[in-house]
Amino acid sequence: MTTVYPIPENHPQRFVLHNEVHARSSLILGLPLRATHLALSRSGEEKIHERVHLGQLCERFGVAPPATDADHFSATFDSFQLRWEQHGEFSTYTFYVQGVEDKPFSSPALKKVPVDWLTSLTGKILIAAHATILPATNTLNTIANLTDISPHFANNPIIGSTVTGGAANVFTDFRIHVDGFSRFLIVDQNLRTEQGARLLHRLFEIEVYRVLALLAFPIARKLNPELKKADKQLYTITNAMTQSAGNDTKLLDELTVLAAEIENHVSSNHLRFAAADAYYNLVERRLLDLREVRIQGIQTIGEFMNRRLEPAVNTCRSTSNRFRSLSERVGNASQLLRTRVDIIIERQNQSLLSSM
């Protein structure tokens, strides 16, 4: 690229890094609309296959496929729009369809996608969610009365709030319904065209990131007995170290085995616990972006998340920190015991030299 002014040449990555801020930009979608969001965990081989699979859908509808190195893609097909994103350990597909039916979730956007293409999707479902943006009517606009909202969620307790500076009301129950999908109902009070897509994207991201953050929780619960066992074993060893008649060599062997077991737990689960922390931070960030205002009588999405998600994440953090602390304590005990063994050996050598 030529420049008007005599300045130094561009850094090789200048334009790539500059344009990164425009990557994964929000779609411009007409309202009202329906959307279906799928998040799938993918292995390395499945990530390679999904590009081929996505290319087959594009070929069927005569749409230019994504580049071979692309990690996101948006396109308009005959009766729906698609947004695809590939992340480190998962991929997402969001399908959009203009217009709404009499019942918000009676005809989801996924119905417009070819069935044979859907059945050949690879990976494991992490999140499957339907969302509908409806215009405010006299019934839905009366937020104080939730009796017209509740039937859309099988009469489950409703969670929701006014978001985006009063431009919309969001309702959900954070449950998986009989069709295997969770649901979001958005009542459009005064949404601008670009706001609708951004709002949907934030809600879907909250769903995905909260589940990904919770992947570490079963691991933390499973490791808790191992943590207690290791802590008790370390206490037994350090208590024996205070006894003058103890077998230091045997104790050192036991400490070495214990240190190896602890380090194995730490190294095996460090990435999962670190990821849980990062995903939880993303959930908090997206909740702030919603700019929630309470609807009298129901929990906000942020309150619901704090009550359910925060304790689980804190358990994961506590487990990770306790293992790191235990590893340090084992290391200190090992160093102390090795020092004592070295002193004993040195005294024995001096005694042997004196006898010679």
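## Salt bridges, a bent helix and a surface patch

The side chains of E207 and R210 pair up in a salt bridge, with N and O 2.6 Å apart. This is a predicted model, so the distance comes from predicted coordinates. Both E207 and R210 sit in helix α4, which runs over residues 193-214. They are three residues apart there, about one turn of the helix. Where does this pair stand on the buried-to-exposed scale? E207 has 2% relative accessibility and counts as buried, and R210 at 16% is buried as well, because the cut-off for that label is under 20%.

Side chains of opposite charge can pair when their charged atoms come close. In this model that happens in 10 salt bridges. Two others from that set are worth a look. E50 and R42 meet through their side chains at 2.1 Å, N to O. E50 is buried, with a relative accessibility of 1%, and R42 is buried too, at 8%. E303 and R294 also form a salt bridge, with 2.1 Å between the closest N and O atoms. Here E303 is partly exposed, at 28% relative accessible area, and R294 is partly exposed at 45%.

Here are the three pairs side by side:

| Acidic residue | Basic residue | N to O distance |
|---|---|---|
| E207, 2% accessible | R210, 16% accessible | 2.6 Å |
| E50, 1% accessible | R42, 8% accessible | 2.1 Å |
| E303, 28% accessible | R294, 45% accessible | 2.1 Å |

Now for helix α5, which covers residues 216-241 and has 26 residues. What distance does α5 reach from its first C-alpha to its last? The answer is 36 Å, close to the 38 Å expected at 1.5 Å a residue. The helix has a bend in it, though: α5 turns by about 35° at L223, and a proline, P225, follows within four residues. L223 is also one of the buried residues of α5. The others listed as buried in this helix are A216, A220, L227, A230, L234, I237 and M241.

Finally, over to the surface. Which residues form a nonpolar patch there? They are V4, Y5 and I7, and together they offer about 400 Å² of accessible area. V4 belongs to the segment before α1, a helix spanning 14-19. With a relative accessible area of 77%, V4 is exposed, because that label applies over 50%.

Terms used: Residues are numbered from 1 along each chain as its sequence is written. This is a predicted model: local features need pLDDT of at least 70, side-chain atom pairs count only at pLDDT 80 or more; totals for chains, interfaces and linings use all residues. Side-chain values use heavy atoms; hydrogens and water are left out. Patches are made of residues with over 30% relative accessible area and no salt bridge: like charges are joined within 9 Å, nonpolar side chains (Val, Leu, Ile, Met, Phe, Trp, Tyr) within 5 Å. Accessible areas come from the Shrake-Rupley method with a 1.4 Å probe; for residues, only the protein chains shown count as cover. A salt bridge is a side-chain nitrogen of Lys or Arg within 4 Å of a carboxyl oxygen of Asp or Glu. Helices (H or I, at least four residues) and strands (E, at least two) are DSSP runs, numbered from the N terminus. Buried means under 20% relative accessible area, exposed over 50%, partly exposed in between (1.4 Å probe, protein chains only). The expected span of a helix is 1.5 Å times one less than its number of residues. The bend at a residue is the angle between axes fitted to the seven residues ending there and the seven starting there.
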